[in-house]
Amino acid sequence: MLRATLKSLLARKLRLLLSGLAVVLGVMFVSGAFVLTDTLGRSFDAVFADATSDLDVNVAAKPKVALSEAEGEQVAAPVPASVVERVRSVPGVAEVKGVVNADGARLIGSNGKVVTSFGPPQLGENWLGESDLLKLREGRGPQADDEIVVNAALAEAAKVKVGDRVGVLTLAPKKEFTLVGVFGYSGDRGSIGGVNEVAFTTPVAQQLMLGKPDVFSNVAVRAADGTTPEALRDQVARAVGADYEVKTGEQVAADASASLKEGLSFFNKILLGFAAVALLVGTFLILNTFSIIVAQRTRELALMRAIGASGRQIIGSVVLEAVAVGLIASVLGLAAGIGVGALLAYLFGKLAGGLALAGLGVPPAAVIGAFAVGLVITVVAALLPAIRAARIPPIAAMQDVATPDRPLTKVTVGGAVVTAIGAALLFLGLGGHAGDNTLATILGGVLFAFIGVALLTPLISRPVVALLGAIFAWSVPGKLGRLNSGRNPRRTAITAAALMVGIALVTGVTVILDSAKGSISALAEDTIKAELVISGASSGPRPASFDPAVLDKAAAIPGVQLVDGEYGDMAMVDGRRTWVAASSDVAALERIFGATATAGDISRLGPDQLLVSSDTAKSRKLSVGSTVRVQLSRGEARSYTVSGIYESSQLTNPMTLPPQAAADFAIPQPIQGFVQLSPGTRVADVQPQIERLLADSPEVSVADRAAFIKQQTSQLDTPLRMIQILLALAIVIAVLGIINTLALSVLERTRELGLLRAIGLRRAQTMRMITVEAVVISIFGALLGVVVGTGLGAAVVRALKDEGITDLVLPWGQMGTFLVLAAIVGVVAAVLPAIRAARINVLGAIAHD
Amino acid sequence: MTATVGRQAQAAARASDVWKVYGSGEAQVTALRGVTCEFERGRFTAIMGPSGSGKSTLMHCLAGLDTVTRGTVMIGDTTVTGLGDAGLTRLRRDKVGFIFQQFNLLPTLTAQENILLPLSIAGRKPDPAWYDTVIDTVGLRDRLGHRPAQLSGGQQQRVACARALVARPEVIFADEPTGNLDSRAGAEVLNFLHNSVREHGQTIVMVTHDPTAAAYADRVVFLADGQIVSELIEPTADTVLDTMKKLDAPAEVGN
């Protein structure tokens, strides 16, 4: 029995591998995700271990507002110089350095633009001299206040050399310095982990990076010989008190690495999500392939039954085939996944400015995940065909049992039930009734909806395929092709369903993002009453900002009526993390953003007052006169009194603080500016003047409102494009499915095709017949996908109504493209099977048994 | 009319008042009308009859491939009627062998693997002496490693015969075993079946419409319109042909 199974498997290896390809891809993404995170994780470990190699104990103040990696760069609270002295007196301390080290030192390159970074911070530091790790390559350390040194990788990226005057943006606006030296790291590295570094003299670093004299970011301590870092840590901790975090160098490295790894889980989720799509489509393909194979082997399986095989043995033999396919697919997928993981890690390393990669790692999770996913999916998909195989009566071995058209009632009822479950889950999830499980509920709903619709497709396929086929019915081959595609509704349906999944997801995502774009532009156009907007793309982890002096100067330009600079910060408000904003001119709230007061006065704001949005007021039970305690990124916590409440809209912030508060923001500079012109003033007259004002703020530019809106909404284009590219792969897998189904159908109908040829069907006509069949199936799949995707997208858009996505925008053009694409896909998929059909030897086919 | 033939204690298969009705209402077709018949152990019986006479249905019912509407079927001391899937599987495994018109060999397996397939499905080892005897009787020793596609039709059918024989079933049911063979290959296969009955005491029930093939049997049972109408002991091709003609004549007039 085992041998018979394996031999029959070998005889159909190509076909099974084709259907297994989808599993290969799914497994590839699963194992690739694990390999990528493992490799990068160990690389981070190495980087931080290296960076802290000459650090025994580190003293830092607890941050005022603790942020996760995803929420932005956390601002460390400053350590006063007195603490450095206190540490110095601890016994067992060999060396103490007060270190200034903060993100946000942006060097302006020789091209006048800020050197950008994808991920690693742009550190501004005080120059502490050379060490075992750090060596000057050129020049000397900074001695005067207008001197800096930078790391070699940054000098190279900025195309600056020793002796140049270079501009640096910090907490303060642009300042010019003389580059007096370039340093590198041991092992001929120009940077550690792609980090850009600008080193100033200590007082300058304190002022520009921390905003205060005589404070440090942290204190680096080296232990004297004979004192362990752990022992020293405990001693230092006692000396400085509970306000400070004291860690060994190893702890610092481990914590920093852990926080970066947390950020990596995002990549993992994308890759795993895509694996899920590939596997879902793959399930349909495998189900179909095995169903067809079982149908083709009816006589063989009946024979097995006739000579004594039990139903269970038949199921076993089909499942065994599935196990073999799953195993092979898992092995191939794992190999491909290691490759993809390595490639992505390499690209990531490059993008992150030369992260030195640790050796490629294949964690056990990658291997276990690959085999578990590959095997389970294949076996589950093959189970239904296997059960069907076991039901073949032994008598089928002796006569051509006409497989009766099994009624579709059962599958239709099942489909309706599953679809209903999916719809219910979606309703729960999108309606916000699922609590913490919202995402899982929505995903489950989508999955159930797909399976349900797939089960319903046989029923839908009859009328729709007949209608689609009518287009081709003018010629005999067209008519035959149409009839063939309607011949086995289940097979047609599953093949089309595989295509449906990919197209439905792309359509759904496009509907959501287009609706979001449409809603944002509509809102912005209706409400923002500013003719010119100052904004820019960020050059690193933090948003772009500009010199606040520009605001006053712009206000002085003739024809300018109102200028507002917007600041933002993540703060702790009454113990909860909240996004707070400050406007340089609070009047802008009403006059530019169209806010209306629901209580109090929102046109002015005293230094101890704040405004809140109606939503925030409701959720925090605030009213005019309430006091809230606000801890910003810097400075001490202080109380503010609510003096007004404005109606919440997409354009308003939860809380607005007075402009004075912005000095304690993590970024004490405006990140957006809005300029309102007096009636009759031409935009073209004012724009160049503001452009000139922004000469020293190279991160931002000024644009008219239309350009600004376009720039804002175009941020959504990047995720859209990424998702489209990824899902295109799901469609490619579905195309493989169509090829597979057609190839099997051609094989199955060898005798019939031979007969048609014998009675005079030409080769070209045969090919046309097959092509029509393929096109009908794929257009049917695309049609289903567009309809289901639009439904899902519309449901999400409806659910996001309160989030401000008010307009449902349907991408008609794109939907049309999908249908045309589907027709092309059909033609392409038909090529090989059609050639095969046309090549059938007429005589052989008729004699074929 | 019901023929009761050769009442011996040792019946390998027995049908008692078997009725088989397909469909219902106007589309109702009665394929068997109260057939009672015994097939003695160690004999070669042919079932003949014109198309639609119910001969294949009778065989399917006897072999437990099809259920009967009324009456009982027994193989050896097992009552086939009423057995569930597991019981029928065991019956096919242990008591019944099949030879088909289309040979029905697995194309991916060699001749030897095809022959041993029923045993390997049942998880049993072949009796080496008996296996050798079977292989020598069918004369395929030098062809054992070949695939079906590399064998002639006659050789393929001999492989199928060996497959049926090797498990030593109570009864072998042969469904038009020479239907797809030329007369020479057909004669080879029939001789072989005849010999296995003579020399090894195998019981064979064969459905055929070929008088020459039927002549190899010890006894021929004739069916018409779902009833047993006649029988011949020690038939020859001529006597079979004569009986067939007599059966056909009234039927044609009737139509």
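How do the residues of the lining of the second largest cavity divide into nonpolar, polar and charged? That is the warm-up for a few exercises on this predicted model.

**Exercise 1. Work out what surrounds the second largest cavity, and sort its lining by class.**

Step 1. Start with the space itself: the second largest cavity holds about 40 Å³.

Step 2. List the lining. You should find Leu499(A), Ile503(A), Ile731(A), Phe818(A), Leu821(A), Ala822(A) and Val825(A).

Step 3. Put these on elements. Helix 14 (489-527) and helix 23 (812-838) of chain A each bring at least two residues to this lining, and helix 23 of chain A gives the most, with four.

Step 4. Now the classes, which settle the opening question: seven nonpolar, no polar and no charged residues.

**Exercise 2. Do the same for the largest cavity, and say which element gives the most to its lining.**

Step 1. Count first: the rule gives three cavities of 30 Å³ or more. The largest has about 60 Å³ of space.

Step 2. Go round the wall. Ile307(A) is part of the lining, and so are Arg92(B), Arg93(B), Val96(B), Gly97(B), Phe98(B), Pro118(B), Arg163(B), Ala164(B), Ala167(B) and Pro169(B).

Step 3. Pick out the elements that give two or more residues: helix 2 (85-94), strand 6 (96-99) and helix 5 (153-166), each in chain B. Strand 6 of chain B gives the most, with three residues.

Step 4. Sort by class, and you get seven nonpolar, one polar and three charged residues.

**Exercise 3. Describe the second largest pocket, starting from the residues nearest its centre.**

Step 1. This pocket has about 360 Å³ of space.

Step 2. Its lining runs to 20 residues, and those nearest the centre are Asp615(A), Ser648(A), Ser649(A), Gln650(A) and Asp802(A).

Step 3. Helix 14 turns up again: along with helix 17 (614-620) of chain A, it supplies at least two residues of this lining. With four residues, helix 14 of chain A gives the most.

Step 4. The class tally is three nonpolar, twelve polar and five charged residues.

**Exercise 4. Characterise the interface of chain A and chain B, including any salt bridge across it.**

Step 1. Take the contacts: 24 residues of chain A touch 25 residues of chain B.

Step 2. Add the area. About 2200 Å² is buried between the two chains, and carbon and sulfur atoms give 61% of that.

Step 3. Look for charge pairs. Side chains of opposite charge can pair when their charged atoms come close. Across this interface the rule finds one salt bridge. The pair is Asp85(B) and Arg305(A), at 2.6 Å from N to O, inside the 4 Å cut-off for a salt bridge.

Step 4. Count polar contacts too: there are seven residue pairs between chain A and chain B, with both residues at pLDDT 80 or more.

Step 5. Find where the chain A side comes from. Helix 1 (2-11), helix 8 (298-306) and helix 9 (311-351) of chain A each give two or more residues. Helix 8 of chain A gives the most, with six.

Step 6. Finish with the classes on that side of chain A: twelve nonpolar, six polar and six charged residues.

**Exercise 5. Find out which parts of chain A are tied together by the pair Arg189(A) and Asp50(A).**

Step 1. Set the scene: a search of the whole structure finds 31 salt bridges over all chains.

Step 2. One of them joins the side chains of Arg189(A) and Asp50(A), at 2.5 Å from N to O.

Step 3. Place both partners. Arg189(A) sits in the loop between strand 10 (175-185) and strand 11 (196-200) of chain A, while Asp50(A) belongs to helix 2 (residues 13-51) of chain A, so the pair ties together parts that are 139 residues apart in sequence.

Definitions and conventions. Residues numbered from 1 in each chain as written. Chains lettered and ligands numbered in written order. Predicted model: local features only at pLDDT ≥ 70, side-chain atom pairs only at ≥ 80, totals over all residues. Heavy atoms only, no water. Contact = heavy atoms within 4.5 Å. Buried area = accessible area lost by both parts, 1.4 Å probe. Polar contact = N/O pair within 3.5 Å; in protein donor to acceptor, adjacent residues only side chain to side chain. Nonpolar A, V, L, I, M, F, W, Y, C, P; charged D, E, K, R; others polar. 1 Å grid on protein atoms, 1.4 Å probe; cavity = no way out; pocket = protein on both sides within 12 Å on 5 of 7 lines; lining within 4 Å. Points joined across faces, edges and corners; volume = space filled by probe spheres on them.
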